[in-house]
Amino acid sequence: MDQDPTRNPRLIEALEACRPGSNDIDSPEFSPLAAELAASPRLDELYERLQRVDAAVAGAFADVPMPEGLAERILARVLAGDKAKVPATVEGEKSAIARAVEQAVLPANVSQAEAISNRPAAARAAKVPLWGWVSAAVLLIAVGVGVVAYVNSRPSGYAPHDAIDQGIALLLEERTHRPTGPAATADLREDYPLSSELADRVRVLRSREVADFLGEPGVAYDLLSRTGAAATLYVVRMRIPGLPSSPSPFPQPGTQGTTAAAWATDGLVYVFVVDGDEREYQQFFPQSEGEVA
Amino acid sequence: MVDDEAIPPIAQLIADHHQAVYRYAYRLAGSVADAEDLTQQVFLIAHEKREQVRSPETVRTWLFTVLRNAFLKGCQKRRPIPAGSIDFLLDSIPAQAPPADEIDREKLQQALEELPPQYRVVVSMFYYEDCSYREIAEKLSLPMGTVMSRLARAKALLRSKLFGLSGEQGGGVGQQPRAANSRG
């Protein structure tokens with residue numbers, strides 16, 4: 001059965017990538033899209049509509065009012081060097097950083113001017129007893145520990161789809177560097193363990209650090225199934241709501257002949273990407289083993 | 001090789017490019033003060049590293065690169081973008097494109113600010129710099145698939161904020177567009 005081209009994510013992404021008023025669609029890399037446009041009036045209508053909307057948004061994008069005297073202030077700062085930031089003359093505008101600092105330091109309903117005018121700070125500081133400073137330090141440490149614990153435990157805000165996308169993108173990036181040959185079991189990382197779902201059914205070819213998996217560090221394991229299928233497992237410490245606790249026997253098809261699945265256990269997210277289709281995936285997770293809810 | 005004679009002095013560089021850099025900075029940073037600070041930083045770096053400019057023709061591209069890097073460097077750890085289905089991408093396309101001057105600039109800026117910085121950069125390169133997805137991928141050292149995915153989702157989010165459309169209102173794919181046979 002033919003797939004409706006307007007439901008094909010790759011075609012829609014290609015549609016979105018065509019710049020308004022350009023001849024992008026004529027370039028060879030867009031030839032699959034061009035062929036679909038010729039065959040599908042619905043997709044063609046969508047393309048035309050998107051081109052018009054994009055042209056309008058691009059026009060609005062460039063329409064930004066200029067502040068008075070900007071060129072002079074830039075030149076003054078450049079000539080003075082970095083130490084002399086030349087402030088904007090726009091009334092009431094503060095940089096976001098300045099606002100954030102001010103809000104963090106000053107209590108609600110106290111303006112900066114009030115705070116400055118009520119500032120016999122040096123005199124007051126001298127009168128604070130030692131136990132006061134110790135209490136303040138303990139409180140600050142407790143708050144710091146609390147903040148760190150909160151940051152580490154809160155959900156990342158990413159969706160399962162993001163994890164799978166990231167895994168596929170990394171695999172495609174690394175495709176040309178796929179390692180060969182066996183590796184010692186010492187390659188297994190205690191802090192990023194291999195998923196128990198895979199531990200007894202794969203051979204680990206190699207493990208390596210991943211600097212940035214959705215903003216977090218992690219580890220990638222290049223794996224071989226008993227039947228010789230290749231895959232990579234990305235392990236990262238984060239929380240993504242909505243992930244199952246074990247891999248599905250039905251993977252998501254990815255780009256360029258990949259399939260992928262993601263699951264999470266014990267505070268770790270596992271993204272498993274197979275360099276092949278569903279049949280290769282099922283060499284790791286056979287359907288006969290039961291379906292995961 | 002740098003041709004010092006060919007690169008204009010800093011005052012001329014500022015005069016020629018400060019408006020384009022500031023407009024871009026405003027779309028990325030979202031406030032007049034932050035955009036101006038970012039613009040000043042760009043020209044400060046430009047003044048210090050003029051030797052990196054290969055030719056006068058590439059000055060603006062180079063300044064934009066400096067701007068993007070300065071912006072991303074100053075950003076907090078990236079925030080995620082909500083996952084969107086393909087329906088979401090399509091339903092955000094309005095049936096009739098409004099003229100550019102009828103698009104609400106404030107809404108556009110608010111919508112941009114809701115995007116994570118990395119997505120904001122990608123969509124700004126597309127709309128403001130007129131970069132192809134391939135150029136975006138090269139300049140940001142990202143896989144092309146990642147750029148296409150980010151671009152599609154960021155554009156859809158912008159449209160949904162700008163035009164406030166849902167599947168029922170927007171002339172989504174499953175519906176007949178209001179402007180029938182409007183191909184041009």
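A:Arg10 offers a convenient way into this predicted model, as the residue sits in helix α1 (residues 9-17) of chain A. With a relative accessible area of 40%, A:Arg10 is partly exposed. Its C-alpha atom lies 9.1 Å from that of A:Leu33, a residue 23 positions away along the chain. A:Leu33 returns below as a member of the largest nonpolar core.

The two chains can be described one after the other. Chain A contains 10 helices and 6 strands. Of its 293 residues, 39% are buried. Among the contacts in chain A with a separation of 6 or more, 55% link residues 24 or more positions apart. The accessible surface of chain A is about 16,300 Å², and 58% of that area comes from carbon and sulfur atoms.

Chain B is built from 8 helices and 0 strands, so that its elements, read from the N terminus, follow the order α-α-α-α-α-α-α-α. Buried residues account for 56% of the 184 residues in chain B. Contacts between residues 24 or more positions apart make up 75% of those in chain B with a separation of 6 or more. The chain exposes about 8,300 Å², with 47% of this surface belonging to carbon and sulfur atoms.

Turning to the interior, the largest nonpolar core comprises 78 residues. Its members with the most contacts inside the core are A:Leu15, A:Leu33, A:Val57 and B:Leu158, which come from both chains. Helix α1 (residues 10-29) of chain B makes the greatest contribution to this core, giving 11 residues. A second core, separate from the one just described, has 21 residues, and A:Tyr192, A:Val202, A:Val235 and A:Phe284 are included in it.

The surroundings of B:Leu158 can be followed residue by residue. Setting aside residues up to four places away in sequence, B:Leu158 touches B:Leu108, B:Ala111, B:Leu112, B:Leu115, B:Val123 and B:Tyr127 in chain B, together with A:Phe61 from chain A. Three of these partners, A:Phe61, B:Val123 and B:Tyr127, also take part in a helix contact between the chains.

That contact joins helix α3 (residues 41-61) of chain A to helix α6 (residues 117-127) of chain B; the helices pack at an angle of about 100 degrees, and their axes are 9 Å apart. Because angles of 65 to 115 degrees count as roughly perpendicular, α3(A) is roughly perpendicular to α6(B). On the chain A side, A:Asp54, A:Val57, A:Ala58 and A:Phe61 take part, and they meet B:Val123, B:Ser124, B:Phe126 and B:Tyr127 of α6(B). The residues of this contact comprise 6 nonpolar, 1 polar and 1 charged. A:Val57, listed here in the contact, is also one of the residues with the most contacts inside the largest core.

Two further positions in chain B are buried within helices. B:Ala156 belongs to helix α8 (residues 144-163). Its relative accessibility is 0%, and B:Ala156 therefore counts as buried. The C-alpha atom of B:Ala156 is 8.4 Å from that of B:Asp91, although 65 residues separate the two along the chain. B:Gln109, in turn, is part of helix α5 (residues 105-113). This glutamine has a relative accessibility of 3%, so B:Gln109 counts as buried too. Outside its neighbours within four places in sequence, B:Gln109 is in contact with B:Tyr26, B:Arg27 and B:Gly30. The C-alpha atoms of B:Gln109 and B:Ser31 are 9.1 Å apart, with these positions 78 residues apart in sequence.

Finally, the backbone of chain B deserves a look at two loop positions. Most residues other than glycine have a negative phi. B:Asp130, by contrast, has a positive phi near 60 degrees. The residue lies in the loop between α6 and α7 (133-140) of chain B, and its relative accessibility of 43% makes B:Asp130 partly exposed. B:Ser141 likewise has a positive phi, of about 55 degrees, without being a glycine. The loop that holds B:Ser141 runs between α7 and α8 of chain B. With a relative accessible area of 59%, B:Ser141 is exposed.

Definitions and conventions:
Residues are numbered from 1 along each chain as its sequence is written. Chains are lettered from A and ligands numbered from 1 in the order in which they are written. This is a predicted model: local features need pLDDT of at least 70, side-chain atom pairs count only at pLDDT 80 or more; totals for chains, interfaces and linings use all residues. Side-chain values use heavy atoms; hydrogens and water are left out. Axes are lines fitted to C-alpha atoms, for helices over the stretch in contact, and angles run from 0 to 180 degrees between N-to-C directions. Helices (H or I, at least four residues) and strands (E, at least two) are DSSP runs, numbered from the N terminus. Angles under 35 degrees count as roughly parallel, over 145 as roughly antiparallel, 65 to 115 as roughly perpendicular and the rest as oblique. Contact means heavy atoms within 4.5 Å. Ala, Val, Leu, Ile, Met, Phe, Trp, Tyr, Cys and Pro count as nonpolar, Asp, Glu, Lys and Arg as charged, and the others, Gly among them, as polar. Buried means under 20% relative accessible area, exposed over 50%, partly exposed in between (1.4 Å probe, protein chains only). Accessible areas come from the Shrake-Rupley method with a 1.4 Å probe; for residues, only the protein chains shown count as cover. A nonpolar core is a set of buried Ala, Val, Leu, Ile, Met, Phe, Trp, Tyr and Cys residues joined through side-chain atoms within 4.5 Å.
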